[in-house]
Amino acid sequence: ITFGSIRGIIGFSCGAISYIAYDKVFSKTTNRKFITSLEILFILIIINTLYAPHEHQNEFIAPVLFAILLPILSNESGLIGATLKHRVISSLRYTSYSIYLTHPLIIFIWRHFNIPFTQKYSLIYITVVFAVSIITYKYIEKPGMNLKKHFINT
């Protein structure tokens, strides 16, 4: 069993737990200050975890942290969640699944060319992941969803 397989299982499990946490807890929470505090706290923890010097032996932590942040942002009553709900930014939400699917490939390519994961290169990395996810959404995911609708409606 590879580390990637274990991380995939952890990521999937965290996604399921994240949905349950949103459904049972965060969808009912309306305290804007509390949600905003959680948003900021977990974003700072994630940034610290990603940029702290490490030897990639604790890579299973990132999916857990993102799984905690996801239901908090999905609440949309905190400052950051409400900002993400804005019409212009909200249109980007369609790429989230494509980002989830394509980022491991970009990481693989990034590491193949020995490009360091530093703050200096973060903007480039995020831009590449986002661009690939838009292309993937437009040319693979969306046509796939339309095909599925076609077969369900016939």
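User: Looking at helices α2 and α3, is the crossing left-handed or right-handed?
Analyst: In this structure, which is a predicted model rather than an experimental one, α2 passes α3 in a left-handed crossing.

User: And which residues actually make that contact?
Analyst: On the α2 side the contact is made by Ile35, Leu38, Glu39, Phe42, Ile43, Ile45, Ile46 and Thr49, while α3 contributes Ile61, Leu65, Phe66, Ile68, Leu69, Ile72 and Leu73.

User: How do those split into nonpolar, polar and charged?
Analyst: The residues where α2 meets α3 divide into 13 nonpolar, 1 polar and 1 charged.

User: What angle do α2 and α3 pack at, and how far apart are their axes?
Analyst: The two helices pack at an angle of about 160°, and their axes are 10 Å apart. Because angles over 145 degrees count as roughly antiparallel, α2 is described as roughly antiparallel to α3.

User: Okay, which residues make up the largest nonpolar core?
Analyst: That core has 9 residues, namely Phe26, Ile35, Leu38, Phe42, Ile46, Leu65, Leu69, Ile72 and Leu73. The elements that each give two or more residues to this core are α2, covering residues 32-51, and α3, covering residues 61-74.

User: Which residues are in a second core?
Analyst: There is a second, separate core of 5 residues, and among them are Ile107, Trp110, Tyr125 and Val129.

User: Back to Ile35, is that residue buried or exposed?
Analyst: Ile35, which is found in helix α2, counts as buried because its relative accessibility is 0%, and buried means under 20%. If neighbours within four places in sequence are left aside, Ile35 is in contact with Phe26, Thr29, Ile72, Asn75, Ser77 and Gly78.

User: How far is Ile35 from Ser77, in sequence and in space?
Analyst: Ile35 and Ser77 are 42 residues apart in sequence, and their C-alpha atoms are 6.9 Å apart in space.

User: What about Leu73, which residues is that one in contact with?
Analyst: Leaving aside neighbours within four places in sequence, Leu73 is in contact with Glu39, Ile80, Gly81 and Leu84.

User: There's a proline at 71, so where does Pro71 lie?
Analyst: Pro71 lies in helix α3, and this residue is buried, with a relative accessible area of 2%. Not counting residues up to four places away in sequence, Pro71 touches Ser18, Ala21, Tyr22 and Phe26. The C-alpha atoms of Pro71 and Ser27 are separated by 8.1 Å, although the two residues are 44 apart along the chain.

User: Changing topic, how do α6 and α7 cross?
Analyst: The axes of α6, which covers residues 96-112, and α7, which covers residues 119-153, come within 8 Å of each other and cross at roughly 130°. That angle makes α6 oblique to α7, and α6 passes α7 in a right-handed crossing.

User: Which residues make the contact there?
Analyst: From α6 the contact involves Tyr97, Ser98, Ile99, Thr102, His103, Ile106, Ile107 and Trp110. From α7 the partners are Tyr121, Ile124, Tyr125, Val128, Val129, Phe130, Val132, Ser133, Thr136, Tyr137 and Glu141. The residues of this contact of α6 with α7 divide into 13 nonpolar, 5 polar and 1 charged.

User: Which residue in the loop between α6 and α7 has a positive phi?
Analyst: Asn114, which is found in the loop between α6 and α7, has a phi near 55°, a positive value in a residue other than glycine. This is worth pointing out because most residues other than glycine have a negative phi. Asn114 is exposed, with a relative accessible area of 66%.

User: What is phi for Glu76, and where is that residue placed?
Analyst: Glu76 has a positive phi of about 65° although it is not a glycine, and its place is in the loop between α3 and α4, the latter covering residues 79-84. At 36% relative accessibility, Glu76 counts as partly exposed.

User: Zooming out, how many helices and strands are there?
Analyst: The protein chain has 7 helices and 0 strands, and its C-alpha trace spans about 45 × 45 × 35 Å along the principal axes. Of its 154 residues, 25% count as buried.

User: And what share of contacts join residues at least 24 apart?
Analyst: Among contacts between residues at least 6 apart in sequence, 70% join residues at least 24 apart.

Terms used: Residues are numbered from 1 along each chain as its sequence is written. This is a predicted model: local features need pLDDT of at least 70, side-chain atom pairs count only at pLDDT 80 or more; totals for chains, interfaces and linings use all residues. Side-chain values use heavy atoms; hydrogens and water are left out. A nonpolar core is a set of buried Ala, Val, Leu, Ile, Met, Phe, Trp, Tyr and Cys residues joined through side-chain atoms within 4.5 Å. Buried means under 20% relative accessible area, exposed over 50%, partly exposed in between (1.4 Å probe, protein chains only). Helices (H or I, at least four residues) and strands (E, at least two) are DSSP runs, numbered from the N terminus. Contact means heavy atoms within 4.5 Å. Axes are lines fitted to C-alpha atoms, for helices over the stretch in contact, and angles run from 0 to 180 degrees between N-to-C directions. Angles under 35 degrees count as roughly parallel, over 145 as roughly antiparallel, 65 to 115 as roughly perpendicular and the rest as oblique. A crossing is left-handed if the near helix is turned anticlockwise from the far one by less than a right angle, and right-handed if clockwise. Ala, Val, Leu, Ile, Met, Phe, Trp, Tyr, Cys and Pro count as nonpolar, Asp, Glu, Lys and Arg as charged, and the others, Gly among them, as polar.
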